[in-house]
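This report describes one protein chain from its overall form down to single residues. Please keep the sequence and the structure in view while reading.

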Amino acid sequence: MRKAILYSFSLPMEAGIILRNQRLKTRDGLLVCLQDGDKEGWGEISPLPEFSHETLAEATEEAQQRLTEWVDGQPLQDSLLPSVAFGCSCALAELTGELPEHADYRKAPLCSGDPDDLILKLDAMEGEKVAKVKVGLYEAVRDGMVANLLLEAVPDLKLRLDANRSWTRAKADGFAKYVNPDYRDRIAFLEEPCKTREESLQYAVDTGIAIAWDESVRDPDFKIEAQPGVAAIIIKPTLTGSLDYCRSLIEEAHQLGLQAVISSSIESSFGLSQLARIAHWLTPNTIPGLDTLDLQQSQLVRAWPDSSLPIMQLNELTIEWQS
């Protein structure tokens, strides 16, 4: 006999977390639980404000509809709402045993302030040293100086940079001007430096700084192609769609010689732990981009290894719907 339950959660965020034009005070979403006989599977549905097209209310209504069909014996159809498609497909993959238990808890540390703090984290890091820096929030020249400082201070560092399409070509050139040409090949990639794909491609060719597609992956007209200067695609499953769809993108990228990087959309520790399992399964040779837990003040049900944050337990959540 099939059963489904939706639990709602709201986790307090650290102060000062701003997504584009909105301050994010809480991270809100749903946990979905599927039960079929003695088998059980879980997933997280948490649209990200300012980035997801769907609201949490829309996702909740859609999830109820899809889960009602599943409880009635129909196949679990992929939703057109990415967060619903991803969360429900994860729950089904857990239930059927398709999603492996092993996880890749390595993470590329995110520099959100003082570069010296990041250098200390990197010094303590074993194996491959990979870090991520958000650029485009301040002056491009400052961003270039910070990137150059990190590459100079940590000689085996591979640096990931994310500009979120925020730069004009002139500002992107200002960034490159302050990065030593000898260090540029240690920039693993710069995500979407310019406002258009065409500008970003030309920028990569002109500067020798490799780029990655992030927002573009979710554009309706996007096709994965091997192009000069393109090193990777970034896959944020909550914003992208079902597990099967994400896997197809990863396989296509790998066939073309591109990296595919699983990255978070500020999911809870519950969602992040599932992303770590997906990364270990589908992108085992690539460190995922999952260093967002410390933006939140609490974990959720499943703990992230070595995190000292308190854990909100299942019995503290509200049952939003069940069937």
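The sections below go from the whole chain to its sheets, one helix and three residues.

## Overall form

The model is predicted. The chain has 323 residues, and a compact globule of that length would have a radius of gyration near 20 Å; the value for the chain is 20 Å, which agrees. The C-alpha trace spans about 60 × 40 × 35 Å along its principal axes. Nine helices and 15 strands make up the secondary structure of the chain.

Of the 323 residues, 53% are buried. The accessible surface comes to about 14,600 Å², and carbon and sulfur atoms account for 49% of that surface. Among contacts between residues at least 6 apart in sequence, 66% join residues at least 24 apart.

## Annotated span

The UniProt record, an unreviewed entry, lists residues 115-210 as "domain: Mandelate racemase/muconate lactonizing enzyme C-terminal". In the model this span is 45% helix and 18% strand, and its end C-alpha atoms lie 22 Å apart. Helix α3, with residues 115-123, and helix α6, with residues 197-207, are both described further below.

## The antiparallel strands

Strand β1 (residues 2-12) runs antiparallel to strand β4 (residues 26-36), and 11 bridges join the two. In this pairing, Pro 12 stands opposite Thr 26 of β4.

Strand β4 also pairs with strand β5 (residues 39-45), again in the antiparallel sense, over seven bridges. One of the bridge partners here is Gly 43 in β5, which is matched with Val 32. The hairpin of β4 and β5 has two residues between the strands, and in it Gly 37 takes a positive phi near 65°.

## The parallel sheet

What is the strand order of the open sheet of seven strands? The order is β6-β7-β8-β9-β10-β11-β12, and the pairing is parallel. Strands β6 and β12 (259-262) are the edge strands, each pairing on one side only.

At the β6 edge, two bridges join β6 to β7, and these strands run parallel. Cys 111 has Val 133 of β7 as its bridge partner.

## Helix α3 and its packing

Which residues of helix α3 are buried? They are Pro 115, Leu 118, Ile 119 and Leu 122. Seen down the axis of α3, these buried residues fall within an arc of 100°, so they line one face of the helix. The spacing fits a general rule: an α-helix has 3.6 residues a turn, so residues three or four places apart point the same way. On the face of α3 turned away from the buried side are the exposed residues Leu 120 and Asp 123.

The buried residues of α3 pack against strands β6 (110-111), β7 (129-134) and β8 (157-162), and against helix α4 (140-153). The three strands in that list also belong to the open sheet with parallel pairing.

Pro 115, in helix α3, has a relative accessibility of 12%; the cut-off for buried is under 20%, so Pro 115 counts as buried. Leaving aside neighbours within four places in sequence, Pro 115 is in contact with Val 146, Leu 149 and Leu 150. Pro 115 and Leu 150 are 35 residues apart along the chain, and their C-alpha atoms are separated by 7.1 Å.

## Two further buried residues

Is Ser 200 buried or exposed? Ser 200 has a relative accessibility of 0% and therefore counts as buried. This residue sits in helix α6. Not counting residues up to four places away in sequence, Ser 200 touches Glu 192, Pro 193, Cys 194, Ile 211 and Trp 213.

Leu 48 lies in a loop, between strand β5 and helix α1 (56-71). At 5% relative accessibility, Leu 48 also counts as buried. With residues up to four places away in sequence left out, Leu 48 touches Leu 19, Arg 27, Leu 239, Ser 265 and Ile 266. The C-alpha atoms of Leu 48 and Leu 272 are separated by 14 Å, and the two residues are 224 residues apart along the chain.

Key. Residues numbered from 1 in each chain as written. Predicted model: local features only at pLDDT ≥ 70, side-chain atom pairs only at ≥ 80, totals over all residues. Heavy atoms only, no water. Buried < 20%, exposed > 50% of the residue type's maximum accessible area, 1.4 Å probe, protein only. Helix = DSSP H or I, 4+ residues; strand = E, 2+ residues; numbered from the N terminus. Arc of directions from axis to C-beta. Contact = heavy atoms within 4.5 Å. UniProt positions renumbered as here; feature names shortened; annotations may be inferred. Rg over C-alpha atoms; globule rule 2.2 N^0.38 Å. Areas by Shrake-Rupley, 256 points an atom, 1.4 Å probe, with all protein chains shown as cover. Pairing = 2+ DSSP bridges.
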